[in-house]
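Q: Could you walk me through this structure feature by feature? I'd like the general idea each time, then the case at hand.

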Amino acid sequence: NQFKDAYLSGGVVFGPASASNVSSQTLDSYEEGSWTMGMTTTNADSNITINNTTGYYTKVGRLVTVNIYNAGANIISVGTGAAKITGLPFVIANGSGYYGAASFAHTNVFSTTYSAYGAVNQSYLIVTQVGSYGNASWAAGTPMYFMMSFTYMTNA
């Protein structure tokens with residue numbers, strides 16, 4: 001038995017065939033690719049040299065998951081404002097229900113306890129202090145590193 005590819009125009013609809021509004025039940029997109037990460041601050045005044053800026057993503061419908069491992073940033077000047085991770089492959093959906101949260105591991109790049117959220121209607125993350133509304137800043141040094149995963153919704 002040899003399987004062939006199936007090509008569907010319009011997408012795959014999940015649910016009853018007589019549904020009046022099938023757009024919310026239609027899977028019409030799947031994509032994998034790479035994205036280029038940037039590291040700066042909300043005031044854009046840091047001095048950071050980055051190695052390993054290539055991350056990878058999977059997009060299923062409007063749901064996007066990005067992953068990256070940065071193993072060689074040189075943070076010369078942390079700047080002011082919140083740490084900001086830029087370059088997400090799709091703009092985050094606009095609306096209060098679309099604030100996704102990032103997950104970090106194996107990291108020494110932040111100066112304090114940290115968490116991050118996606119800025120709606122933008123293509124970046126803002127890093128904040130855990131348990132407060134305060135900003136988390138970068139920590140100066142080299143080599144600085146982190147692993148990150150972030151899942152969010154897009155309008156596309």
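Q: Let's start with Y30: which strand does it lie in?
A: Strands here are DSSP runs of E with at least two residues, and helices are runs of H or I with at least four, numbered from the N terminus. Y30 belongs to strand β3, residues 30–36. Keep in mind that this is a predicted model, where local features need pLDDT of at least 70 and side-chain atom pairs count only at pLDDT 80 or more, while totals for chains, interfaces and linings use all residues. Residues are numbered from 1 along each chain as its sequence is written, and side-chain values use heavy atoms, with hydrogens and water left out.

Q: Is Y30 buried or exposed?
A: Buried means under 20% relative accessible area, exposed over 50%, and partly exposed in between (1.4 Å probe, protein chains only). Y30 has a relative accessible area of 53%, so it is exposed.

Q: Which residues form the nonpolar patch on the surface?
A: A patch takes residues with over 30% relative accessible area and no salt bridge; like charges are joined within 9 Å, and nonpolar side chains (Val, Leu, Ile, Met, Phe, Trp, Tyr) within 5 Å. A salt bridge is a side-chain nitrogen of Lys or Arg within 4 Å of a carboxyl oxygen of Asp or Glu. The areas come from the Shrake-Rupley method with a 1.4 Å probe, and for residues only the protein chains shown count as cover. Here Y30 joins V12, F14, L27 and V60 in a nonpolar surface patch, with about 440 Å² of accessible area together.

Q: Zooming out, how many helices and strands does the chain have?
A: The chain has zero helices and twelve strands. Its C-alpha trace spans about 60 × 40 × 20 Å along the principal axes, and 32% of the 156 residues count as buried.

Q: Where is confidence lowest, and where is it highest?
A: Read pLDDT as the predictor's confidence in each residue, from 0 to 100. The chain mean is 88, with 94% of the residues at 70 or more. Confidence is lowest in strand β2 (residues 26–27), at a mean of 74, and highest in strand β6 (residues 54–60), at 97.

Q: In what order do the four strands of the open sheet come?
A: In general, strands of a sheet pair through backbone hydrogen bonds, either parallel or antiparallel. Two strands count as paired if DSSP finds at least two bridges between them. In this open sheet the order is β4-β8-β11-β10, with antiparallel pairing. β4 (38–41) and β10 (114–118) are the edge strands, each pairing on one side only. Neighbouring strands of the sheet are turned by 30° against each other on average, direction ignored; axes are lines fitted to C-alpha atoms (for helices over the stretch in contact), and angles run from 0 to 180 degrees between N-to-C directions.

Q: What stands opposite K84 on either side?
A: T40 stands opposite K84 in β8, and the β4–β8 pairing has four bridges. In β11, the bridge partner of K84 is I126; β8 (residues 83–86) and β11 (residues 124–129) share three bridges.

Q: Which way do the side chains along β9 point?
A: In a regular strand the side chains alternate between the two faces of the sheet. Along β9, A102 and F104 point to one face and are buried, while S103 and A105 point to the other and are not. In β4, by contrast, G38 and T40 point one way and M39 and T41 the other, yet all are buried. β9 also pairs with β12 in the antiparallel sense over four bridges, and S103 has S149 as its bridge partner there.

Q: What about unusual backbone angles?
A: Most residues other than glycine have a negative phi, and most peptide bonds are trans. N52, in the loop between β5 (47–49) and β6, has a positive phi of about 55°. N121, in the loop between β10 and β11, has a positive phi of about 65°. N121 has a relative accessible area of 41%, so it is partly exposed. As for peptide bonds, T142 and P143 are joined by a cis one, with omega about -10°; P143 sits in strand β12 (residues 141–153).

Q: How far apart in space are T65 and Y152?
A: Their C-alpha atoms are 6.5 Å apart, although T65 and Y152 are 87 residues apart in sequence. T65 is in strand β7 (residues 63–77).
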